[in-house]
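Please read the sequence and the three-dimensional structure together as you follow this report, which moves from enclosed and open spaces to the sheet and then to single residues.

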Amino acid sequence: MTVGFSGAVAEYYAEFRRGYPPQVFDALADAFGLSQADVVLDVGCGTGQLALPFASRVRAVIGVDPEPDMLRLARYAAEAQGVRNVTWVLGADADLPALGGLLGERSSALMVVGQALHWMRHDELFRAAAPLLRTGGGIAVISNGTPLWLQDNPWSRALRGCLEDWMGTPLTATCGTSSRDRLRYAEALRSAGFDGVREMVVEYRGELSFDELFGGVCSAISADRLPGPDERDALAERIRQALPTGEPFTETVRVTMLVGQVQADAEA
């Protein structure tokens, strides 16, 4: 993973990134038989959008991220919500074997990666995770909808055109959300020895105010590209003028959960 979500970008991430609906946690709890005895690993945890809701469902959650500002804000959120069973660890996907040495084999029920796998060496991560997961546990790669500027609606197309003009480059990266990405990840899961690889989907309609839309955009701009405070208002106005009039901006959010499970013979 790379470190680019510091400072103001992390602040935007904490405030404006989409959370996940309860149905996502219900589906994963059912798929992996999660209980209050279990531990969940959240690799690339950001500011805790997955880790914090999981905390009430299991004994403990370990959130891992390479960006100190992300973890700082995750800790603040945990304190504000009274969540005390999450441990925040500064590290990247390559550090998973070392973390496994501390936790021990078969110590966890589930490893989740939410909208971050495109920063990682996913094949190595899957292989490193397998020894840490108990029978019936596994991995869930979660894609939290299509990026705001790549959706199939008028305001998203207008947003994409505005951002491409501002950045001077086409915006085509899907951030790991495309069907092609999921096919690659599914094959890597199977190659790493996971069974029952399949996709589960939760879909819902959401509404965004302009401030939420702009905040979501800023949360996805690397810290070295994010305009300074004095220039940010100008970018916001540029985007506002490009978008169709009228709020809220409606989107269909398709949350996909690509899951693979550890079977009993994987422990032999």
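Strand 5 makes the greatest contribution to the lining of the largest cavity, giving three residues. The model is a predicted one, and a search of the whole structure finds one cavity of 30 Å³ or more. The space in the largest cavity comes to about 60 Å³. Among the residues that line the largest cavity are Val 113, Gln 115, Val 141, Ile 142, Ser 143, Cys 175 and Tyr 185. Sorted by character, the lining of the largest cavity has seven nonpolar residues, five polar residues and no charged ones.

Besides the cavity there are pockets to consider. The largest pocket has a volume of about 1,100 Å³. It is lined by 50 residues, and those closest to its centre are Arg 17, Trp 149, Cys 175, Ser 219 and Ala 220. Helix 1 (7–16), helix 7 (154–167), strand 6 (195–208) and helix 9 (210–218) are the elements that each give two or more residues to the lining of the largest pocket, and the largest share, four residues, comes from strand 6. Cys 175, which is one of the residues closest to the centre of the largest pocket, is also one of the residues that line the largest cavity.

The second largest pocket holds about 200 Å³ of space. Its lining consists of 13 residues, and Gly 145, Thr 146, Gln 151, Thr 252 and Arg 254 lie nearest its centre. Strand 7 (residues 249–261) supplies the largest share of the lining of the second largest pocket, namely five residues.

The table sets out the character of the residues that line each of these spaces.

| Space | Nonpolar lining residues | Polar lining residues | Charged lining residues |
|---|---|---|---|
| Largest pocket | 25 nonpolar | 15 polar | ten charged |
| Second largest pocket | no nonpolar | nine polar | four charged |
| Largest cavity | seven nonpolar | five polar | no charged |

How are the strands arranged? Seven strands form an open sheet in the order 3-2-1-4-5-7-6, and the pairing within the sheet is mixed. Strand 3 and strand 6 are the edge strands, each of which pairs on one side only. From one strand to the next, the twist averages 20 degrees. As a general point, strands of a sheet pair through backbone hydrogen bonds, and they do so either parallel or antiparallel.

Two of the pairings can be followed residue by residue. Strand 2 (residues 60–65) and strand 3 (residues 86–90) run parallel and are joined by five bridges, with Ile 62 standing opposite Thr 87 in strand 3. Together with helix 4 (residues 68–81), strand 2 and strand 3 make a right-handed β-α-β unit. Strand 1 (residues 39–43) and strand 4 (residues 108–114) likewise pair in the parallel sense, over three bridges, and the bridge partner of Asp 42 in strand 4 is Val 112.

Helices also lie across the strands. Helix 5 (residues 96–103) lies across strand 1, strand 2 and strand 4, and runs at about 160 degrees to strand 1. Helix 8 (residues 179–191) lies across strand 5 (133–144), strand 6 and strand 7, and runs at about 15 degrees to strand 7.

Some details of the loops deserve a careful look as well. Most residues other than glycine have a negative phi, and most peptide bonds are trans. Gln 115, however, has a positive phi of about 55 degrees although it is not a glycine. Gln 115 lies in the loop between strand 4 and helix 6 (122–129), and is one of the residues that line the largest cavity. Glu 247 and Pro 248 are joined by a cis peptide bond, with omega at about 0 degrees, and Pro 248 is found in the loop between helix 10 (229–242) and strand 7.

Which residues does Arg 59 touch, if those up to four places away in sequence are not counted? Arg 59, found in the loop between helix 3 (51–55) and strand 2, touches Ser 35, Gln 36, Ala 37, Asp 38, Val 39 and Asn 85. Arg 59 and Asn 85 are 26 residues apart in sequence, while in space they are 7.0 Å apart, C-alpha to C-alpha.

Notes
Residues are numbered from 1 along each chain as its sequence is written. This is a predicted model: local features need pLDDT of at least 70, side-chain atom pairs count only at pLDDT 80 or more; totals for chains, interfaces and linings use all residues. Side-chain values use heavy atoms; hydrogens and water are left out. On a 1 Å grid over the protein atoms alone, a cavity is a set of points where a 1.4 Å probe fits but cannot get out, and a pocket is an open set with protein on both sides within 12 Å along at least five of seven lines; lining residues have an atom within 4 Å of a point. Grid points are joined across faces, edges and corners, and a volume is the space filled by probe spheres set on the points. Ala, Val, Leu, Ile, Met, Phe, Trp, Tyr, Cys and Pro count as nonpolar, Asp, Glu, Lys and Arg as charged, and the others, Gly among them, as polar. Two strands pair if DSSP finds at least two bridges between them. A crossover is right-handed if, with the strands pointing away from the viewer, the path from the first strand over the helix to the second runs clockwise. Axes are lines fitted to C-alpha atoms, for helices over the stretch in contact, and angles run from 0 to 180 degrees between N-to-C directions. Contact means heavy atoms within 4.5 Å.
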